[in-house]
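User: I am new to this structure and would like to go through it in questions and answers. Please begin once it is shown.

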Amino acid sequence: MSHLIVHGGRPLKGTLVPSANKNAVLPVLCATLLTDEPVVLHRVPDITDVRKLLAFFRELGSAVDMDFASGTLRLRHGSQLRDHGVQLPSGMRSSIMLVPALLHRFGRARLEDAVTGCTLGAREIDPHIDVFLAFGAEVQLERGATAMRMPRRFAASDHWLDYASVTTTENFVLCAATAEGRSRLVNAACEPHVQEFCAFLGLMGARISGSGSSLLQVEGTDALGGTEYTFADDFHEVATFLALSAITGGDVAVQNGASAQFPLLDRTFAKFGVELAHGSDGFSRAQLSGPRLRIRPPLTAHLLQKVEAAPWPYVPADLLPIFVALGARAEGSVLFWNKVYEGALGWSAELGKFGADATLCDPHRLVVHGGKPLAPATVESPYIIRVAIALFMIAASIDGRSTILNALPIRRAHPRFVDNLNALGAKVEWSEER
């Protein structure tokens with residue numbers, strides 16, 4: 001396991017260019033398997049999940065030319081791919097989005113139980129199976145796996161999701177893009193990365209309307225073509241480094257081509273005494289509104305300040321941990337409410353090792369009483385990307401040496417994370433020893 005050794009108390013200063021959003025990159029990579037024609041992608045990040053998908057493509061027989069130095073990927077899957085029992089990449093939820101293309105190409109796919117992602121609680125596959133069934137797949141449960149067959153072309157479908165799941169929405173679009181007829185999805189997810197994914201498929205020739213809303217319509221086509229595409233800035237990473245700047249009392253300018261997605265995030269940062277400024281130069285900065293982080297009390301008397309995370313356009317659940325970190329350092333109290341995952345706040349006990357005051361009310365709600373004196377500590381991260389970052393944020397704000405055990409999930413989303421931090425004045429390194 002990889003751990004982070006953090007020598008905290010150093011304000012971060014400088015300029016940062018964020019990477020692309022892994023939640024857009026991974027489904028786009030899965031979508032490329034729907035065409036035989038060449039695809040060129042720019043700003044592809046060097047993260048573990050990308051490497052797993054590229055290794056999978058090579059096993060199928062795809063031509064893969066990846067230059068991680070420039071971020072340019074040239075892919076050609078071609079018509080002669082071989083399906084000989086290649087297993088889907090394990091340890092990443094995005095593997096489930098390979099199923100539509102495998103069913104389209106080979107008429108069969110096998111989903112192993114090891115296809116998982118961050119440990120956020122129960123993450124069922126039933127909504128995905130419902131989508132595959134709706135398009136005509138035949139599904140059989142086996143020991144340790146779910147086997148699927150598609151004996152014919154996808155048939156168009158009208159479907160209504162139980163909840164606005166990002167990956168289920170993307171799986172629906174992947175099936176519908178080459179289905180026979182017009183498909184319609186109600187209660188679709190509308191996150192920025194879903195919109196980016198739909199925009200990419202549109203460049204391939206998919207006919208999608210309603211992107212960014214809860215109602216999607218897709219007119220199926222016989223075949224999709226190749227294209228060239230450049231990924232946008234990851235708003236998650238932009239927000240993360242702005243939070244790191246604020247918690248360390250620093251001054252980091254972050255390139256932000258996603259500022260249109262920030263109005264609610266701006267107001268959420270302001271609850272902790274952090275003002276975000278989005279400049280005409282395309283960079284965003286975080287400035288404290290006072291001498292220190294301080295929770296802004298709500299106007300309604302006798303209520304705690306609150307941050308609610310839910311499907312877009314709420315505050316993204318993926319970003320809730322960075323606000324928990326800000327809350328641990330800010331004077332005042334705040335209630336955090338994760339309305340998506342029931343297991344995403346169980347890591348809060350690790351906050352106590354720093355000396356923070358955090359009370360888990362139930363699997364979805366956490367109250368943090370911030371502003372307490374904190375001390376360096378050795379803490380352990382669950383397998384959740386931005387929880388590892390949140391623990392790092394707290395450690396970086398405290399004078400002295402801390403260790404974040406099992407911080408490896410960071411590499412699933414943030415390329416050159418440690419290099420970027422050290423370039424901003426941090427003192428942090430990877431270690432394989434406890």
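**Surface, core and pairings**

Analyst: At 43% relative accessibility, Leu 133 counts as partly exposed. The model discussed here is a predicted one.

User: In which helix does Leu 133 lie? Which residues make the nonpolar surface patch of about 280 Å²?

Analyst: Leu 133 belongs to helix 4, which covers residues 126–134. With its relative accessibility of 43%, Leu 133 is partly exposed. The nonpolar surface patch of about 280 Å² is made by Leu 133, Val 139 and Leu 141.

User: Is helix 3 largely enclosed or not, and which of its residues are buried?

Analyst: Helix 3 spans residues 99–106, and six of its eight residues are buried, so the rest of the structure largely encloses it. Buried here means under 20% relative accessible area. The buried residues of helix 3 are Val 99, Pro 100, Ala 101, Leu 102, Leu 103 and Phe 106.

User: What covers the buried residues of helix 3? Which residue follows helix 3?

Analyst: The cover includes helix 1 (22–31), helix 2 (48–60), helix 4 and helix 5 (166–177), together with strand 6 (108–112) and strand 8 (145–149). After helix 3 comes a residue with a positive phi, near 80°, and that residue is Gly 107.

User: In which sense do strand 7 and strand 8 pair? Which residue in their hairpin takes a positive phi?

Analyst: Strand 7 (residues 138–142) and strand 8 are joined over five bridges, in the antiparallel sense. One of the bridge partners can be named: Glu 138 is matched with Arg 149 in strand 8. Two residues stand between the strands of this hairpin, and the residue with a positive phi near 75° is Gly 144.

User: How many salt bridges does the structure hold? Which residue meets Asp 46 in one of them?

Analyst: The count of salt bridges in the structure is 18. Asp 46 is partly exposed, at a relative accessible area of 33%. Its partner is partly exposed too, at 43%. The side chains meet at 2.7 Å, N to O, and the partner of Asp 46 is Arg 51.

User: How many residues apart in sequence are the parts tied together by Glu 142 and Arg 110?

Analyst: The side chains of Glu 142 and Arg 110 form a salt bridge with an N to O distance of 2.2 Å. Because Glu 142 lies in strand 7 and Arg 110 in strand 6, the pair ties together parts whose separation in sequence is 32 residues.

User: What is the N to O distance between Arg 285 and Asp 281?

Analyst: Arg 285 is partly exposed, with 30% relative accessibility. Asp 281 is also partly exposed, its relative accessible area being 47%. A salt bridge joins their side chains, with an N to O distance of 3.7 Å.

User: Which residues are joined into one network by salt bridges that share partners?

Analyst: Shared partners link several salt bridges into one network, and its residues are Arg 110, Glu 112 and Glu 142.

User: How many disulfides does the structure hold? How far from Cys 190 is the nearest cysteine sulfur?

Analyst: The number of disulfides in the structure is zero. Cys 190 is buried, with a relative accessible area of 12%, and Cys 198 is buried at 5% relative accessibility. A disulfide needs two cysteine sulfur atoms within 2.5 Å. Cys 190 is in no disulfide, and the nearest cysteine sulfur, that of Cys 198, lies at a distance of 11 Å.

Methods: Residues numbered from 1 in each chain as written. Predicted model: local features only at pLDDT ≥ 70, side-chain atom pairs only at ≥ 80, totals over all residues. Heavy atoms only, no water. Patch = residues over 30% accessible without salt bridge, like charges linked within 9 Å, V, L, I, M, F, W, Y side chains within 5 Å. Areas by Shrake-Rupley, 256 points an atom, 1.4 Å probe, with all protein chains shown as cover. Salt bridge = Lys/Arg side-chain N within 4 Å of Asp/Glu carboxyl O. Helix = DSSP H or I, 4+ residues; strand = E, 2+ residues; numbered from the N terminus. Buried < 20%, exposed > 50% of the residue type's maximum accessible area, 1.4 Å probe, protein only. Contact = heavy atoms within 4.5 Å. Pairing = 2+ DSSP bridges.
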